[in-house]
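User: Could you walk me through this structure with a few questions and answers? I am in my first year, so please explain the terms as we go.

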There are 2 protein chains.
Amino acid sequence: MTAKQEGRDNSGEVIALCGGVGGAKLALGLQHVLGDRLTVIVNVGDDFEHLGLRICPDLDTVLYTLSGLSDHSRGWGRAGETWQFMQALAELGGETWFSLGDRDLAVHVERTRRLRAGEALTDITGDLARRLGVRARVLPATDDVLQTKVLTSEGAFDFQRYFVKERCEPRISGVAFEGADGARISQAVSDAMGSDSLTGIVICPSNPYLSIDPILSIPPIQEGLRKRCVPAIAVSPIIAGKAVKGPTEKIMNELGVEPTSVAVARHYAGLIDGLVLDHKDAASVNELDLPAVVANTFMTDLDSRIKLAEVVLGFVAQLSTSGCR
Amino acid sequence: MTAKQEGRDNSGEVIALCGGVGGAKLALGLQHVLGDRLTVIVNVGDDFEHLGLRICPDLDTVLYTLSGLSDHSRGWGRAGETWQFMQALAELGGETWFSLGDRDLAVHVERTRRLRAGEALTDITGDLARRLGVRARVLPATDDVLQTKVLTSEGAFDFQRYFVKERCEPRISGVAFEGADGARISQAVSDAMGSDSLTGIVICPSNPYLSIDPILSIPPIQEGLRKRCVPAIAVSPIIAGKAVKGPTEKIMNELGVEPTSVAVARHYAGLIDGLVLDHKDAASVNELDLPAVVANTFMTDLDSRIKLAEVVLGFVAQLSTSGCR
């Protein structure tokens, strides 16, 4: 814990745990401040085989967001994307419920080819990130197969089928992470978590149940967080009882949890030392049994992402403690 | 041989053996006249795995040509094609020597997916042809693996690597068809060749060594042609000592064969009953030891393709004989 004891200066490394769009926005802000001192550990529970290709939705969202290639108005995929492939696929009777842009497709084809050739997802992701000009280290949470299954009134679904094909309509009764028990972390994730220069861990404002829990379900990551030697904080994805984007609020309701930042903090109990929540929820701070910071968590542009990242990093610095949990 | 004995009326079926661009032009003319009475048996020796996808260049050229989707000015691929995928792939450091258009890619991805799911290439091709509005039956010569290897001064190449990546530059010393000895024909090819309604077999003006020989190297097709009960004719791909397109002339020279229509006829000795050659080679007719028809074989537009098809079908009708070889 050398770096930690020497203080929260600009030389420290930070780990961000991240799902898709919402989390990636904060990761972009963090990258702006930290550059290559940021490691983003990304959910792979949504990864699936589609059209014979390995699709890694959260990894791609993070890569595209951190490289400045993401489409801001659509909210997913690449800016300036075209859809000739999908149109032609529809004419051939192919499955079209999951949209793959022509440029996006290059990532899926190249990654699938390299996976089949025996390369690890971590190495492929690192290479893609480098080629796309991403400064942060982007790491899949595991190279092993870990699949988020959404248990619903209409049966169990792979996450993307629930999310895209079923439009999150079936009522959720539970979530399972197949393969999590045996999932290992890569040397790169192990090194990042064990780094002497690590100064903090940030859980991005992603869906706790569907985007962050798959990461936390990996035993060495769970244990690493429980026994952390640096402060860990979460940024709540809930603002005034609603998720900025996606099904978080619906899922929390269906799982019998009130969609509030307080519930998010409780969900992460034992794993975090502080919560960042939106100023609209400032009144909730009194209900929390851990330190909190109120900020604007509704990130509409790069400036607001950087500002939130600065708040988050300042909070992490404040929470400095000596020794491990 | 009922149909044959009853004469060459419009109800008869015709088989065309076909490679890529040149052969597909005549196949389009034949389809115009014959509609669904045409069966095109297509070379698969050029098929290869690329980027984890099964690419079938000749099948696709035939499908795109017969469906009216092919690009006439470029000479390969689909009209109105875009190249976003290739550009994005280049940015990721992927292999870009073989150009895959965004729309074209849909065929490769969908076919590869279905092959991996256990479907036969014949069934997939039939379904794609139907969806693209192709009237003729398009059949791969075999569902088994048959690979054309070009033996050169610089080593052995898969055909597409020789053709596209090496631009046909290495000097050819021979051609081999790996897997041909054990290659079987599908029920559909067997049915077409054994049909009572079959009235003729046409070898399209494709490269005899690289596009037609792989088809003929399949034992039951070779035997079917040798023991044919209907006339078989070839249309020479050579006009005045030159190939309209592609490396036919270069290859014939390097294999020590003079690039002439006479040499083409000799190459098919025992397998054909007549040759159609260009009017520029009219003087060669005397050198042939089989019936010949002189025509315009330089197909610049749909009209010239239909006219050549009519000449070919008329010639087949003239060559009517009773009994099998």
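What follows is a set of questions and answers on cavities, aromatic rings, a helix and backbone angles.

Analyst: Happy to help! This is a predicted model, in which local features need pLDDT of at least 70 and side-chain atom pairs count only at pLDDT 80 or more, while totals for chains, interfaces and linings use all residues. Residues are numbered from 1 along each chain as its sequence is written, chains are lettered from A and ligands numbered from 1 in the order in which they are written, and side-chain values use heavy atoms, with hydrogens and water left out.

User: How many cavities of 30 Å³ or more does the structure hold?

Analyst: Rolling a probe the size of a water molecule over the atoms shows where empty space is left. A cavity is a set of points, on a 1 Å grid over the protein atoms alone, where a 1.4 Å probe fits but cannot get out. Grid points are joined across faces, edges and corners, and a volume is the space filled by probe spheres set on the points. With the cutoff of 30 Å³ or more, the number of cavities is two.

User: Which helix gives the most to the lining of the largest cavity?

Analyst: The largest cavity has a volume of about 60 Å³. Of its 13 lining residues (those with an atom within 4 Å of a point), the closest to the centre are A:Gly52, A:Leu53, A:Arg116, B:Gly52 and B:Leu53. Helices (H or I, at least four residues) and strands (E, at least two) are DSSP runs numbered from the N terminus, and α5 (102–116) of chain A and α5 (102–116) of chain B each supply at least two lining residues. The most, four residues, comes from α5(A).

User: How many residues in the lining of the second largest cavity are charged?

Analyst: This cavity holds about 30 Å³ of space, and its lining includes B:Asp46, B:Asp47 and B:Asp158. Ala, Val, Leu, Ile, Met, Phe, Trp, Tyr, Cys and Pro count as nonpolar, Asp, Glu, Lys and Arg as charged, and the others, Gly among them, as polar. The lining has two nonpolar and four polar residues, and the number of charged ones is three.

User: Why is the pair of A:Phe48 and A:Phe98 edge-to-face or stacked?

Analyst: A pair of aromatic rings is described by the distance of the centres and the angle of the planes. Rings of Phe, Tyr and Trp (its six-membered ring) pair if their centres lie within 6.5 Å; planes under 30 degrees apart count as stacked, over 60 as edge-to-face and the rest as tilted. Among the 10 aromatic pairs over all chains, the rings of A:Phe48 and A:Phe98 have centres 5.0 Å apart and planes at 75°, so this pair is edge-to-face.

User: How many residues apart in sequence are the parts that this pair ties together?

Analyst: A:Phe48 lies in strand β3 (residues 48–50) of chain A. A:Phe98 lies in the loop between α4 (84–91) and α5 of chain A, so the pair ties together parts whose separation in sequence is 50 residues.

User: Is A:Phe48 buried or exposed?

Analyst: Buried means under 20% relative accessible area, exposed over 50%, and partly exposed in between (1.4 Å probe, protein chains only). A:Phe98 has 11% and is buried. A:Phe48, at 4%, also counts as buried.

User: How far from the centre of the ring of A:Trp76 is the charged end of A:Arg74?

Analyst: A:Trp76 is in the loop between α3 (57–66) and α4 of chain A, and is partly exposed at 36%. A charge sits over a ring if NZ of Lys or CZ of Arg is within 6 Å of the ring centre and within 35 degrees of the ring normal. The charged end of A:Arg74 sits over this ring, and its distance from the centre is 4.9 Å.

User: Within what arc do the buried residues of α8(B) fall?

Analyst: In helix α8 (residues 187–194) of chain B, the buried residues are B:Val189, B:Ala192 and B:Met193. The arc is that of the directions from the helix axis to the C-beta atoms. These residues line one face of the helix, because seen down the axis they fall within an arc of 95°.

User: What is the phi of A:Leu51?

Analyst: A:Leu51 is found in the loop between β3 and β4 (53–55) of chain A, and counts as buried at 6% relative accessibility. Phi is positive here in a residue other than glycine, with a value near 55°.

Notes
On a 1 Å grid over the protein atoms alone, a cavity is a set of points where a 1.4 Å probe fits but cannot get out, and a pocket is an open set with protein on both sides within 12 Å along at least five of seven lines; lining residues have an atom within 4 Å of a point.
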